[in-house]
Amino acid sequence: MIIVNSIEELFEQTANFNGSVGFVPTMGALHEGHLSLIRQAKSNNDFVVVSIFVNPTQFLEGEDLDAYPRKEEADKKICQLAGVDVLFMPNKEMMYEADELSITAPAKRGFILEGAKRPGHFDGMLQVVMKLLNLIAYHKPSIFRAYFGKKDAQQLALITQMVKNYFINVEIVPCAIVRSADGLALSSRNAYLSKEERVRALSLSRSLRKATELVMQKELKVKAIESVMREVLNEVDIEYIALVNRQFQAIDEVEIGNTIILVAARVGHTRLIDNLWI
Ligand code: AMP
């Protein structure tokens, strides 16, 4: 594995790629969720690039940018063992200049749910993903695939839309959510949870399982499902519970095969999200 810290070095490496390229963008503090994306990229492509960059423009004022877990040495080992070809670790200065042009998330889909709770977050996320896709594909690989987790369902939908709207030559590959044995969706932010908070955090996945049970019992009404989920989530601070279709439009009834159930909540100081596709 080659570790590159500059754009010039990155281009030197990617110039030699002759075959398909799989790309996994991350913010580091890698866990099994990230690894599952890397493994998929590895099994489907000739070359795999992983990036680690804690992107400042997607953090809002007062969010955890400075406290975001950083585990560079462990991350390097994980990537090495996973057979990553190139690990790209840029810094802020090489990714941004002052007074940049910007990308704005779409007015409807970009400003509900996560976009409403974290205004500006998706603009910054799309901006850095656009940059990273352009950087990795600079030498025009024959096939270019980028891997994103369904864990960040709205992010995935917006990236898919950006690729379509801006005619970017990349296949976006959605990857299943990886959970720990007790159901908690893996997240770098789980590291913030105390033992007691972690137990309470389990109610997010429990509420989603409960929702599935209801759907299996033919309860399809969104209002009814939301109110049962609210009861299950009584020990955390709910930010939103939402049922939407795959285009992130509001629905009144679950349509099996085209629905995403999402939940966001604070457990202590930690903000967690989870979702389930049915
Ligand atoms: P992050 O480092 O949090 O920006 O995440 C990098 C990528 O890993 C994103 O595409 C996430 O959706 C994905 N990811 C994070 N956690 C999980 C998980 N538990 N299961 C699957 N994918 C995940």
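**Why these labels? Questions on a predicted model**

User: Where does His31 sit?

Analyst: In this predicted model, His31 lies in the loop between E2 and H2.

User: Why is His31 called buried?

Analyst: Its relative accessible area is 19%, and buried means under 20%. So 19% falls under the cut-off and His31 counts as buried.

User: What does the side chain of His31 reach, and what makes that a polar contact?

Analyst: The side chain of His31 reaches the backbone nitrogen of Gly33 at 2.9 Å. A polar contact needs a pair of N or O atoms within 3.5 Å, so the 2.9 Å to Gly33 fits that limit.

User: Which residues does His31 touch beyond its sequence neighbours?

Analyst: Setting aside residues up to four places away in sequence, His31 touches Leu186, Ser187 and Ser188. Leu186 turns up at the ligand as well, as one of the residues that come nearest to it.

User: Which others come nearest to the ligand?

Analyst: Met27, His34, Asp152 and Val178 are also among the nearest of the 17 residues around it.

User: How do you know that the backbone takes part in polar contacts with the ligand?

Analyst: Set the distances against the 3.5 Å limit. A backbone N or O atom of Met27 is 2.9 Å from a ligand oxygen. For Val178, a backbone N or O atom lies 2.8 Å from a nitrogen atom of the ligand. A polar backbone atom of Leu186 is 2.9 Å from a ligand nitrogen. Polar contacts lie within 3.5 Å, so the Met27, Val178 and Leu186 pairs qualify.

User: How much of the ligand does the protein cover?

Analyst: On its own the ligand has 490 Å² of accessible area, and the protein covers 92% of that.

User: Which elements give two or more residues to the shell around the ligand?

Analyst: Strand E2 (21-26), helix H2 (32-44) and strand E5 (144-149) do. H2 has the largest share, with 3 residues. By type, the shell divides into 9 nonpolar, 6 polar and 2 charged residues.

User: Why is Glu114 called buried?

Analyst: Glu114 has 7% relative accessibility. Buried means under 20%, so Glu114 gets that label. Glu114 is found in helix H5 (residues 114-117).

User: What is Glu114 in contact with?

Analyst: Leaving out neighbours within four places in sequence, Glu114 contacts Phe122, Gln154, Tyr240, Ala264, Arg271 and Ile273.

User: What makes Gln247 partly exposed?

Analyst: Gln247 comes out at 38% relative accessibility. Partly exposed is the range between under 20% and over 50%, so 38% lands in it. Gln247 lies in the loop between strand E7 (237-245) and strand E8 (259-267).

User: How far apart are Gln247 and Asn258?

Analyst: They are 11 residues apart in sequence and 8.7 Å apart in space, C-alpha to C-alpha. Gln247 touches Asn258, and Arg109 too, not counting residues up to four places away in sequence.

User: How do you know that the chain agrees with a compact globule?

Analyst: A compact globule of 278 residues would have a radius of gyration near 19 Å; the chain has 19 Å, so the value agrees. The C-alpha trace spans about 55 × 40 × 40 Å along its principal axes.

User: What else describes the whole chain?

Analyst: The chain has 9 helices and 9 strands. Buried residues make up 54% of the 278. Among contacts with a separation of 6 or more, 71% come from residues 24 or more positions apart.

Key: Residues numbered from 1 in each chain as written. Predicted model: local features only at pLDDT ≥ 70, side-chain atom pairs only at ≥ 80, totals over all residues. Heavy atoms only, no water. Near = heavy atom within 4 Å. Polar contact = N/O pair within 3.5 Å; in protein donor to acceptor, adjacent residues only side chain to side chain. Areas by Shrake-Rupley, 256 points an atom, 1.4 Å probe, with all protein chains shown as cover. Helix = DSSP H or I, 4+ residues; strand = E, 2+ residues; numbered from the N terminus. Nonpolar A, V, L, I, M, F, W, Y, C, P; charged D, E, K, R; others polar. Rg over C-alpha atoms; globule rule 2.2 N^0.38 Å. Buried < 20%, exposed > 50% of the residue type's maximum accessible area, 1.4 Å probe, protein only. Contact = heavy atoms within 4.5 Å.
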